[in-house]
Amino acid sequence: MKVITARKYGTPDVFRLENWEIPSPNKDEIRIKNHNSAVNSGDWRIRKPDPKVVRLYFGILKPRKPVLGISFAGVVDAIGENVTKFQIGDKVFGSTGMQMGAYAEYICIKESSVMTTLPKEISFSQGAALSFGGLTALDFIQKCKIQKKQSIIIYGASSSVGTAAIQLAKYFGAVVTAVCSPGNFPLVQSLGADSVMDYKGFHADSHKKTYDIVFECVGKSSISSNLNHLTKGGVLVLVGASFKDMLQAAWISISKGINIKFGPISETLENLNTLAELTKNGDFTVVIDKSFPLEALSAAHQYVEAGHKKGNVVIDVIN
Ligand SMILES: NC(=O)c1ccc[n+]([C@@H]2O[C@H](COP(=O)([O-])OP(=O)(O)OC[C@H]3O[C@@H](n4cnc5c(N)ncnc54)[C@H](OP(=O)(O)O)[C@@H]3O)[C@@H](O)[C@H]2O)c1
């Protein structure tokens with residue numbers, strides 16, 4: 001099978017195309033013929049690595065697992081003897097999580113993973129693009145416990161997490177202001193944003209309006225400028241918080257009693273099923289910016305790392 005490996009950390013050109021034996025599933029695993037993967041912001045951070053502390057988990061000198069990628073969508077083509085949830089021929093999608101291995105033609109994965117049946121209304125590309133930003137946005141939106149008509153401002157609204165957060169916040173009844181580049185105003189409005197603002201407007205001192213929830217998706221604005229927009233008693237979400245941001249947020253939270261949500265999300269099967277259901281019913285649209293063939297993974301990583309994708313970037317594993 002075709003796999004793309006990163007045998008060392010580095011720039012996008014570390015990737016190499018290799019031919020591997022097709023793996024066999026263990027007793028509690030299924031094997032998926034992978035149709036689509038995605039390049040997420042987390043993927044280039046592991047490849048680089050950024051932050052350097054990534055090495056502690058993924059390998060000190062080089063990636064312990066050379067096949068990166070966590071998002072997949074494909075067809076079950078073999079099952080282990082203890083598997084009960086899936087059958088050969090089922091269409092599935094999900095996240096391999098820390099196991100990675102999604103930049104490959106075949107994936108063996110435990111049936112208990114964050115993986116579910118792909119509804120017939122959702123394409124493989126959409127399935128592969130759904131899990132990363134969708135699961136992240138949904139986890140943080142749930143932590144906000146949105147009440148109907150609450151106001152939320154979403155910073156970095158054209159990102160993978162942002163495009164999902166706009167739709168989920170609307171779904172739970174919030175009034176959404178999306179902050180992004182003017183060129184992305186039509187996109188965020190098409191996803192349901194009630195009003196739009198460019199980054200300059202967000203940072204302008206003259207801007208006095210406050211929001212019940214400030215949802216910072218991309219880790220590009222300071223905590224103090226986010227707090228300028230927060231009502232007393234509101235919730236600040238820092239999806240893309242750096243380690244330094246987290247320390248600062250923890251201190252502000254304790255010393256000033258401000259409700260700040262940050263840290264790694266829990267990817268859950270329940271939330272993946274929620275996203276599948278919302279998408280199937282037309283209540284959620286997964287935004288796909290571009291697709292690249294598996295062989296062009298380096299170019300896809302370069303594009304995503306540049307930081308200006310709209311929504312998600314998909315990899316066509318089967319051309
Ligand atoms: N906490 C967690 O567990 C968790 C999970 C997943 C992701 N994350 C983090 O969440 C963040 C977002 O991930 P993502 O995949 O959604 O990102 P992404 O899609 O790669 O973000 C791309 C977007 O960022 C915007 N952007 C770039 N530079 C900007 C700037 N200076 N100011 C404002 N916006 C800017 C771009 O908009 P323009 O082109 O208009 O500039 C673009 O739409 C990342 O930092 C990621 O590490 C955290």
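Helices and strands here are DSSP runs (H or I over at least four residues for a helix, E over at least two for a strand), numbered from the N terminus. I looked at a predicted model, in which local features need pLDDT of at least 70 and side-chain atom pairs count only at pLDDT 80 or more, while totals for chains, interfaces and linings use all residues. Residues are numbered from 1 along each chain as its sequence is written, and side-chain values use heavy atoms, with hydrogens and water left out.

**Entry 1: the shell.** I started with what surrounds the ligand and found 25 residues, the closest being S41, S158, S181, Y199 and K309. To be near, a residue needs a heavy atom within 4 Å of the molecule. I sorted the shell by type and got 10 nonpolar, 12 polar and 3 charged residues. For that split, Ala, Val, Leu, Ile, Met, Phe, Trp, Tyr, Cys and Pro are nonpolar, Asp, Glu, Lys and Arg are charged, and the others, Gly among them, are polar.

**Entry 2: polar contacts.** Next I checked N or O pairs within 3.5 Å. The side chain of S158 puts an N or O atom 2.6 Å from a ligand oxygen. Backbone takes over after that: an N or O atom of S160 is 2.9 Å from a ligand oxygen, and a polar backbone atom of V161 is 2.8 Å from one. I also looked up cover: on its own the ligand has 940 Å² of accessible area, and the protein covers 84% of it (Shrake-Rupley, 1.4 Å probe).

**Entry 3: where the shell comes from.** Helices α1 (41-47), α3 (124-144) and α4 (160-171) are the elements giving two or more residues to the shell. The largest share, 3 residues, is from α3. Domain 1 (2-118 + 287-316) and domain 2 (132-262) each supply at least three shell residues; the bounds come from an automatic or database domain assignment.

**Entry 4: backbone oddities.** I found a cis peptide bond between K48 and P49, with omega about -10°. D50 to P51 is cis too, omega near 5°. P49 is in the loop between α1 and α2 (54-58), and P51 also has its place in the loop between α1 and α2. Last, I noted K145, not a glycine, with a positive phi of about 45°; K145 is in the loop between α3 and β8 (151-155).

Definitions and conventions
Polar contact = N/O pair within 3.5 Å; in protein donor to acceptor, adjacent residues only side chain to side chain.
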